[in-house]
Amino acid sequence: MKKFSISLFILLVFSALVFFIGWTQFKVKAESVGVVISKTSGVDPLPVENGKFSWHWQFLLPTNASLKTFEIKPVNTTKTVSGELPSGNMYSSIFNSSDNFSYSFSFSISLTISPQAIIELVKLNKITNTEDLHEYLENAADKIAQLSADYYLKKASESLSFRPESVRRDDLLRNIKIYEEFPEIELSVFAVTKSKIPDYELYGKVRNLALPAPNQTPKVQEVPEITEEGESYENS
């Protein structure tokens, strides 16, 4: 009976040890997600999340597996896109006009990403740590801001009454097609906080005055011919 109790105790200790080695849930903090990468199985298809039971046999083999953790807090940022229309500064200086051809847009953006999407980014070698993830989201925010500014400028050039605030977020995202390049992101906040649109009407008028019409040959003034007597006459 004593030997049986000892054997049972050893078995329980061994089982507890095996369970503890493969238990991955407790290694992941709140607002973080873990990705198990092993030599035998590659990237595990299921993320490890705090509060959800997770056990991986791959950790039973020494040096076989590792657990990479990523913070998944939302990235809250403000992006500003500014510039001027082509040759805008030159047109302003030539015609002594005020700065009517510059533009500026400020955006409030909040991005996050799902635990499952992190698995996909790791598989694609786009991220390896939290810093990479934050940089990926910052790049996505930069792209959203630039594409949105380009879209607003295009609409403003087509209609003088256009205002960025009139565009619904869903319509904007559908037109800029941001999810084609960043399909994993989740855009929770997007707002135009400031906007300055160039005067396209004045820009068109000034550009037409500054540039010659297409295929127009500059007119050359005819020079009077001189007769032998020194008198001149104009070509008719």
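Let me start with a term: a residue is called buried when its relative accessible area is under 20%, and exposed when that area is over 50%. Please keep in mind as well that what you have in front of you is a predicted model.

With that cut-off in hand, I would like to begin at strand β6, which is mostly covered, since 10 of its 12 residues are buried. On one side of the pairing, β6 is matched with strand β5, residues 75–84, in the antiparallel sense over 10 bridges, and within that pairing T80 stands opposite S106 of β6. β6 also pairs with strand β7, residues 185–196, again in the antiparallel sense and over 10 bridges, and there I109 faces F190 of β7 as its opposite number. As a general point for reading such a sheet, side chains in a regular strand alternate between the two faces.

One residue of β6 that I would pick out is T112. Is T112 buried or exposed? Its relative accessibility is 16%, and because that falls under the 20% cut-off, T112 counts as buried. If we set aside its neighbours within four places in sequence, the residues in contact with T112 are I72, P74, L137, I185 and E186.

Let me turn now to the largest nonpolar core, which has 46 residues, and in which F107, L111, I118, Y152 and I185 touch the most other members. At least two residues of this core are supplied by each of β1, β5, β6, α3, α4, α5, β7 and α7, and the largest share, 12 residues, comes from α4. In general, nonpolar side chains in soluble globular proteins tend to be buried together. Taking Y152 as an example, and not counting residues up to four places away in sequence, we find that Y152 touches F105, F107, F162, P164, V167, L172, F190 and V192.

Since α4 supplies that largest share, a word on its geometry is in order. The helix has 29 residues and reaches 42 Å from its first C-alpha to its last, which is close to the 42 Å expected at 1.5 Å a residue. At its N-terminal end α4 is capped by N129, with a side-chain oxygen of N129 lying 3.2 Å from the backbone nitrogen of E131.

The helix before it in numbering, α3, covers residues 115–123, and its buried residues are P115, A117, I118, I119, L121 and V122. What covers them? The cover includes the strands β1, β2, β3, β4 and β6, together with helix α4. After α3 comes N125, whose phi is positive, near 60 degrees.

For contrast with these buried positions, consider R174, which is found in helix α5. R174 counts as exposed because its relative accessibility is 55%, and its side chain makes a polar contact with the side chain of D171, at 2.6 Å.

Finally, let me step back to the chain as a whole. Its secondary structure comes to seven helices and nine strands, and of its 236 residues 33% count as buried. The accessible surface comes to about 15,400 Å², of which 55% belongs to carbon and sulfur atoms. Among contacts between residues at least 6 apart in sequence, 73% join residues at least 24 apart.

Key
Residues numbered from 1 in each chain as written. Predicted model: local features only at pLDDT ≥ 70, side-chain atom pairs only at ≥ 80, totals over all residues. Heavy atoms only, no water. Buried < 20%, exposed > 50% of the residue type's maximum accessible area, 1.4 Å probe, protein only. Helix = DSSP H or I, 4+ residues; strand = E, 2+ residues; numbered from the N terminus. Contact = heavy atoms within 4.5 Å. Areas by Shrake-Rupley, 256 points an atom, 1.4 Å probe, with all protein chains shown as cover. Expected span 1.5 Å × (residues − 1). Polar contact = N/O pair within 3.5 Å; in protein donor to acceptor, adjacent residues only side chain to side chain. Pairing = 2+ DSSP bridges. Core = buried A, V, L, I, M, F, W, Y, C linked by side-chain atoms within 4.5 Å.
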